[in-house]
There are 4 protein chains.
Amino acid sequence: MPTPRFFADKICPVRAKRERRKEARPGELLAAALDLFVEKGFAATRAEEVAARAGVSKGTLFLYFPSKEELFKAVVVENLGGRFAEWNDEFEAFEGTTADMLRYCMRVWWERVGMTKASGLTKLMMSEGTNFPELAEFYRKEVVRPGHSLLRRILQRGIDRGEFAPVDIDHAIYAVVAPMVFLMLWKHSAMVCVDAETSLDPEKYLATQAETVLYGLTRQPGAAA
Amino acid sequence: MPTPRFFADKICPVRAKRERRKEARPGELLAAALDLFVEKGFAATRAEEVAARAGVSKGTLFLYFPSKEELFKAVVVENLGGRFAEWNDEFEAFEGTTADMLRYCMRVWWERVGMTKASGLTKLMMSEGTNFPELAEFYRKEVVRPGHSLLRRILQRGIDRGEFAPVDIDHAIYAVVAPMVFLMLWKHSAMVCVDAETSLDPEKYLATQAETVLYGLTRQPGAAA
Amino acid sequence: MPTPRFFADKICPVRAKRERRKEARPGELLAAALDLFVEKGFAATRAEEVAARAGVSKGTLFLYFPSKEELFKAVVVENLGGRFAEWNDEFEAFEGTTADMLRYCMRVWWERVGMTKASGLTKLMMSEGTNFPELAEFYRKEVVRPGHSLLRRILQRGIDRGEFAPVDIDHAIYAVVAPMVFLMLWKHSAMVCVDAETSLDPEKYLATQAETVLYGLTRQPGAAA
Amino acid sequence: MPTPRFFADKICPVRAKRERRKEARPGELLAAALDLFVEKGFAATRAEEVAARAGVSKGTLFLYFPSKEELFKAVVVENLGGRFAEWNDEFEAFEGTTADMLRYCMRVWWERVGMTKASGLTKLMMSEGTNFPELAEFYRKEVVRPGHSLLRRILQRGIDRGEFAPVDIDHAIYAVVAPMVFLMLWKHSAMVCVDAETSLDPEKYLATQAETVLYGLTRQPGAAA
DNA sequence: AATGAATGAGCGTTCATTCAT
DNA sequence: TATGAATGAACGCTCATTCAT
């Protein structure tokens, strides 16, 4: 029996192609922009090149994003800023020890951000942030502060439960963030070390750093004396 | 025995004065360029601004350096590449243990490079290297390879003397370089961590990393089992 | 005898509704275009904005008018050029003195054109005519020449009837037109005089100017001596 | 006897040409800009065309004026705004009757502004002022307000001396300004009247209007009843 | 008939580099 | 040697117009 799909198959592909295109455009542009921003940096990426890589003309890019800066912000939200809601939920739902939570946190960060192109955005902000203050502020608001906030809540949970010593939380945040930042920079710097890839096992490195941090967090500050 | 310098000092005082001034110009330009390159990056630094900071006109800059790229290369040679001769000599003259040599090496690197503006050049190359392949290659030739070469000779000395285990030298080089690179990136990235300065004691960090590396180098590979 | 309209009204109510809507579209577009052209000028008015104000999409605008220039021409015909037929008929039907005809002419011009948005079109042509020669020529053909022609016939009637002295008609036309043009410019120029509106009573001004012109027309040229 | 000029003639022309050029550039650019702004309006005048008419390249224009808007402002100051100081001085120095002062004022205005290209700037502001609010405000501050201010002082002098009736000065200002504005618009509008030039004698028109205004100013307001 | 996504020529502005002085 | 006026290629962004649906 002929299903409606049979008929639809005849007509829809045409429309479907168009409509899918329309809805896919922003995504394609964001993907192309992510690629190029990570590859060349913000200033050196030309709007026309982003459009070309997404398979559209220069004008089309500005149909979806009013300026290159807004395009960049959208890339940041798409790949980093917009995902904290989900990550915060994971935090709320986590039921294990806080040490495990921190290990899990650093591991999935690597899988979802660190090893992906998205990590290039952080390196980009470190390189060009001073040249584009508005982007820097946006990045701080959308990524840095939520990230610090999440870590702060994790650490606070550990302290509240008596799992961690009552350390200086701000300082501890840096201890956690530092290896992540280092990995992002390392990964995107094929300059100093020709085979940066092979010379460092990121997951092992991260695991080691996690244990180091946890060692410092769990040790009773008074007990050392 | 009269050196050629004695003779030159006598008959060309006028010329000497002139040449000193003439020779001072490039130095002022190089200093201004270093400042600005480190502050804003290569692409974002305008030639005119370099000239202005050096107190000369835009044309004068191009009188001494035929292009912005050549200016950058000169900055690299002045601050990094040109100093390996001296560092190599220090290596040859060093008489202590190789472990001390490595400790010394990392410490003075921090004093002479890491904590100075020159470290910004490395971060710059990591950020913009892909956009300026010729500069990247130059940097590799003038800085990366000599640096690796020096470390390689140090490590080889340790192995040859039986102080170090016969490790994979390339891998060991990265183990030494990594913390240095990390410090340079950290220092020049005011983005993720608002107070990068206060959250990490570079010298302590470096000393710790040195001991970690040395621990791996001195441990008998077979003895671990 | 049944007219075609009778037939059409009966069997095509659906079509009629459709056609009325279809026929209403250009009118809405013309109204929106008039508003915006008068407000911002020809070049500064964006096609998309006209469409948006008429409640249709950009594409629809170009369905009815093949270009922005043609749209403008249609606006000119709708508001100025297409009305001369009626005005000429009024002239033919007028039965009073030619002086009264001229007074009437200037008064109703103010009511029907001068005080309406349509007067902005004249100001627009004065401002942008040199940038759009084809529009300028069109405006001359559709508005200026018919207007001058009508005035010429009025003046000729006065002379033929012995009501006016046999003046130089071209010169007299300018005498009549000048105050009208002045009022249009004045009305649409909020720049020099902040309260252009309140500082001049257009109808009184026009009446005065009419009398001045008529005084010149009726006075026997020889009698002045 | 050979004068120094003989020698100078050999060397200076080269330098002179250069230096004269440098100093002449802004003037040449302002002249070209005035021409084109008056001819085509602000928006329709392309920066490159201004440069070309001044005999320089596009980049050179921006060496002297940081933006097209600033170029326009400079044109306004050069041709209108910057001359009020001199005009104010003439007012202070004038020793005749205030009626003569007003007549003189309108006459020299025509010679120095009205009949020159500068009058096109006023027409331009009337046409495009709403599209460029910052330019409009600048023009108001630099031209409209000083102009009104000067007229206000003239009228006040007449009233203070008992030459004029104590009229509403704001209203009187418009009565004086209106014919000037009209002439500027008329002059730059070759649209409605093909031969605007020949159809109106500006000086005679202005003189007539001056007398009309003066008639209103000198008539005792109470005496009319 | 109506849509609106897509195009691409065009403009304002920047900046490394040149060269006459 | 030193200057700085001049250049022109390049980029971000706009908008009238087209066309597949």
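**Notebook: protein chains and DNA strands E and F**

I began with B:Lys58, where an N or O atom of the side chain is 3.4 Å from a base nitrogen of DNA strand F. I count a polar contact as a pair of N or O atoms within 3.5 Å; within protein, one must be able to donate a hydrogen and the other to accept it, and residues adjacent in sequence count only if both atoms are side-chain atoms.

The model is predicted, with local features needing pLDDT of at least 70 and side-chain atom pairs pLDDT 80 or more, while totals for chains, interfaces and linings use all residues. Residues are numbered from 1 along each chain as its sequence is written, chains are lettered from A and ligands numbered from 1 in the order written, and side-chain values use heavy atoms, without hydrogens and water.

**Strand F**

I looked up two backbone contacts to phosphate. A polar backbone atom of A:Ala47 is 3.0 Å from a phosphate oxygen of DNA strand F, and for a backbone N or O atom of C:Ala47 the distance to a phosphate oxygen of this strand is 2.9 Å. The elements giving two or more residues to the surface near DNA strand F are H1 and H3 of chain A, H4 of chain B, H4 of chain C, and H1 and H3 of chain D. I take helices (H or I, at least four residues) and strands (E, at least two) as DSSP runs numbered from the N terminus.

I then listed the surroundings: 34 residues surround DNA strand F, the closest being A:Arg46, B:Thr60, B:Tyr64, D:Arg25 and D:Tyr64. Of the strand F atoms that come within 4 Å of the protein, 70% are sugar and phosphate. A residue is near a strand if one of its heavy atoms lies within 4 Å of it. By class, I have 11 nonpolar, 10 polar and 13 charged residues near DNA strand F.

**Strand E**

For DNA strand E I found 34 surrounding residues, with A:Arg25, A:Ser57, C:Thr60, C:Tyr64 and D:Arg46 the closest. Sugar or phosphate holds 67% of the strand E atoms within 4 Å of the protein, and bases hold the rest. The residues near DNA strand E divide into 11 nonpolar, 10 polar and 13 charged.

I checked three side chains here. A:Lys58 has a polar side-chain atom 3.0 Å from a base oxygen of DNA strand E. A:Thr60 has a side-chain N or O atom 2.7 Å from a phosphate oxygen of the strand, and C:Thr60 has a polar side-chain atom 2.4 Å from a phosphate oxygen.

**Annotated ranges in chain A**

The unreviewed UniProt entry gives "domain: HTH tetR-type" for residues 23-83 of chain A. I find this range 72% helix and 0% strand, with its end C-alpha atoms 21 Å apart. UniProt (unreviewed entry) also lists residues 46-65 of chain A as "DNA-binding region". That range is 70% helix and 0% strand, and its end C-alpha atoms are 14 Å apart. Such annotations may be inferred rather than shown by experiment.

**Helix H8 and cysteines**

In chain A, helix H8 (residues 133-160) has a kink of about 40° centred on A:Arg140. A:Gly162, just after H8(A), takes a positive phi of about 80°. In chain D, I noted a kink of about 40° in helix H8 (residues 133-160), centred on D:Arg140. The bend at a residue is the angle between axes fitted to the seven residues ending there and the seven starting there.

I found 0 disulfides over all chains, taking a disulfide as a pair of cysteine sulfur atoms within 2.5 Å. B:Cys105 counts as buried at 18% relative accessibility, and D:Cys105 counts as buried at 16%. Buried means under 20% relative accessible area, exposed over 50%, and partly exposed in between (1.4 Å probe, protein chains only).

Conventions. Nonpolar A, V, L, I, M, F, W, Y, C, P; charged D, E, K, R; others polar.
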